[in-house]
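This report describes one protein model for a reader who has the coordinates at hand.

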Amino acid sequence: MTYKGYSARVDYDAEDEIFFGRIAGITDGVGFHGASVGELKSAFHAAVDDYLETCRKIGKAPEKPYSGKMMFRVDPETHRRAAIAAELSGKSLNQWAEDVLAKAAGSN
């Protein structure tokens with residue numbers, strides 16, 4: 001589920017027979033629950049709205065799920081092959097990596 005740029009991680013508690021979730025990608029702990037998918041979706045929307053309103057009231061900037069900046073290390077040979085693949089496709093390494101990651105993550 002996504003709402004206002006925030007996504008949710010959802011699980012099911014068989015003992016209590018409820019769905020429960022948490023806003024993903026932020027360090028503030030914002031949870032919600034519902035007995036049906038409809039209730040869960042409404043509770044998620046309310047949790048996001050409440051989070052944004054609470055941040056506004058206390059003068060805190062709400063955390064954004066992700067900045068868009070990624071830094072990670074790869075094997076030098078992988079780096080070389082990726083740079084060549086990017087060049088051959090006429091793209092910068094950043095644009096090529098974004099396209100590959102988006103495809104792998106199911107965004108394309």
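The sections below cover the basis of the values, the sheet, the turns, the core, the pockets and one residue near the end of the numbered helices.

## Basis of the values

This is a predicted model, in which local features need pLDDT of at least 70, side-chain atom pairs count only at pLDDT 80 or more, and totals for chains, interfaces and linings use all residues. Residues are numbered from 1 along each chain as its sequence is written, and side-chain values use heavy atoms, with hydrogens and water left out.

## The sheet

Four strands make an open sheet with antiparallel pairing, in the order β1-β2-β3-β4. Its edge strands, each paired on one side only, are β1 (2–3) and β4. Strands (E, at least two residues) and helices (H or I, at least four) are DSSP runs numbered from the N terminus. Two strands count as paired if DSSP finds at least two bridges between them.

Two bridges join β1 and β2, and Tyr 3 has Tyr 6 of β2 as its bridge partner. Between β2 and β3 there are seven bridges. Here Ser 7 is partnered by Ala 24 of β3, and Arg 9 by Arg 22 of β3. Strand β3 (residues 18–24) is joined to β4 by four bridges, with Arg 22 facing Gly 31 of β4 as bridge partner. Arg 22 thus appears in bridges with Arg 9 and with Gly 31.

In a regular strand the side chains alternate between the two faces of the sheet. Strand β4 (residues 31–34) shows this alternation: Phe 32 and Gly 34 point to one face and are buried, whereas Gly 31 and His 33 point to the other and are not. Buried means under 20% relative accessible area, exposed means over 50%, and partly exposed lies in between (1.4 Å probe, protein chains only).

## The turns

Which residue in the hairpin of β1 and β2 takes a positive phi? With two residues between the strands, that hairpin has Lys 4 at a phi near 50°. Lys 4 is in the loop between β1 and β2 and counts as exposed because its relative accessible area is 53%.

The hairpin of β2 and β3 has four residues between the strands, and Glu 17 in the turn has a positive phi of about 55°. Glu 17 is exposed because its relative accessibility is 53%. Most residues other than glycine have a negative phi. Lys 4 has a positive value although it is a residue other than glycine, and Glu 17 is likewise a residue other than glycine with a positive phi. In the hairpin of β3 and β4, with six residues between the strands, Gly 25 takes a positive phi near 85°.

## The nonpolar core

The largest nonpolar core has 14 residues, of which Ile 23, Phe 32 and Phe 44 touch the most other members. Both β2 (6–13) and α1 (37–58) supply at least two residues of this core, and α1 gives the most, with seven residues. Such a core is a set of buried Ala, Val, Leu, Ile, Met, Phe, Trp, Tyr and Cys residues joined through side-chain atoms within 4.5 Å.

Leaving out residues up to four places away in sequence, Phe 44 touches Met 1, Thr 2, Tyr 3, Tyr 6, Ser 7, Ala 8, Ile 23 and Phe 32. Contact here means heavy atoms within 4.5 Å.

## The pockets

The largest pocket holds about 690 Å³ of space. It is lined by 21 residues, and Phe 72, Leu 93, Ala 97, Glu 98 and Leu 101 are the closest to its centre. The elements giving two or more residues to the lining are α2 (76–88) and α3 (93–104); α3 provides the largest share, eight residues. By class, the lining has twelve nonpolar, five polar and four charged residues.

The second largest pocket has a volume of about 200 Å³ and is lined by Tyr 66, Ser 67, Gly 68, Lys 69 and Met 70. Its lining has two nonpolar, two polar and one charged residues. A pocket is an open set of points on a 1 Å grid over the protein atoms alone, where a 1.4 Å probe fits, with protein on both sides within 12 Å along at least five of seven lines; lining residues have an atom within 4 Å of a point. The volume is the space filled by probe spheres set on the points, which are joined across faces, edges and corners. Asp, Glu, Lys and Arg count as charged, Ala, Val, Leu, Ile, Met, Phe, Trp, Tyr, Cys and Pro as nonpolar, and the others, Gly among them, as polar.

## After α3

Ala 105 is placed in the segment after α3 and counts as exposed because its relative accessibility is 64%. Between Ala 105 and Lys 64 the C-alpha to C-alpha distance is 19 Å, at a sequence separation of 41 residues.
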